[in-house]
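I set out to record what I looked up in this structure, entry by entry. The notes begin with the whole chain and then turn to single elements and residues.

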Amino acid sequence: MPGFFSSGEGFCPIRWAGIHWCPGCGLGRSISAVMHFDLAASWQFHKLGFPALLIIWYRIYYLTIPTKPKLHAKLSDEPA
């Protein structure tokens, strides 16, 4: 299906159902627009795009970077 992906249909079941506004698609497009520094388009796609991106960045940081030193410190402080 060469025209399927180029037409912007994607895998959204809400769009397949005929509903033209999907909050998930709008949020994804909004986050993409923020990452391309197009804040006006981001606001039009979904109002929570920028806060969602901040939350995602925070979670990535919290789950990866700070936990490694804390885990190492806990393991080295325990008596053998």
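The entries below follow the order in which I consulted the model.

**Entry 1: the whole chain.** I noted at the outset that this is a predicted model. I looked up the secondary structure and found 6 helices and 0 strands. Along the sequence, the pattern reads α-α-α-α-α-α. I then looked up burial: of the 80 residues in the chain, 20% are buried. The accessible surface of the chain is about 6600 Å², and carbon and sulfur atoms hold 72% of that area. I also looked up contacts with a separation of 6 or more; residues 24 or more positions apart make 10% of them.

**Entry 2: helix 3.** I turned next to helix 3, which covers residues 23–35. I asked what span its 13 residues should have at 1.5 Å a residue. The expected value is 18 Å, counting one step less than the number of residues. The C-alpha atoms at the ends of helix 3 lie 18 Å apart, so the model agrees with the expectation.

Which residues of helix 3 are buried? I listed Cys 25, Gly 26, Ser 30, Ile 31, Ala 33 and Val 34. I then looked up what these buried residues pack against, and I found helix 2 (13–16), helix 4 (39–45) and helix 5.

**Entry 3: Phe 37.** I looked past the end of helix 3 and came to Phe 37. Phe 37 is placed in the loop between helix 3 and helix 4. Its phi is positive, about 60°, although Phe 37 is not a glycine. Is Phe 37 buried or exposed? The relative accessibility of Phe 37 is 75%, and the cut-off for exposed is over 50%, so I entered Phe 37 as exposed.

**Entry 4: a nonpolar patch.** I looked up the surface and found a nonpolar patch of about 590 Å². Its members are Met 35, Phe 50, Leu 54, Ile 56, Trp 57 and Ile 60. Which helix gives the largest share of the patch? Helix 5 (residues 49–64) does, with 5 residues.

I chose Ile 56 for a separate check; Ile 56 is one of the residues in helix 5. Its relative accessible area is 39%. Partly exposed covers values between the buried limit of 20% and the exposed limit of 50%, so I entered Ile 56 as partly exposed. A patch residue needs over 30% relative accessible area, and Ile 56 has 39%, so its value satisfies that cut-off.

Note on methods:
Residues are numbered from 1 along each chain as its sequence is written. This is a predicted model: local features need pLDDT of at least 70, side-chain atom pairs count only at pLDDT 80 or more; totals for chains, interfaces and linings use all residues. Side-chain values use heavy atoms; hydrogens and water are left out. Patches are made of residues with over 30% relative accessible area and no salt bridge: like charges are joined within 9 Å, nonpolar side chains (Val, Leu, Ile, Met, Phe, Trp, Tyr) within 5 Å. Accessible areas come from the Shrake-Rupley method with a 1.4 Å probe; for residues, only the protein chains shown count as cover. A salt bridge is a side-chain nitrogen of Lys or Arg within 4 Å of a carboxyl oxygen of Asp or Glu. Helices (H or I, at least four residues) and strands (E, at least two) are DSSP runs, numbered from the N terminus. Buried means under 20% relative accessible area, exposed over 50%, partly exposed in between (1.4 Å probe, protein chains only). Contact means heavy atoms within 4.5 Å.
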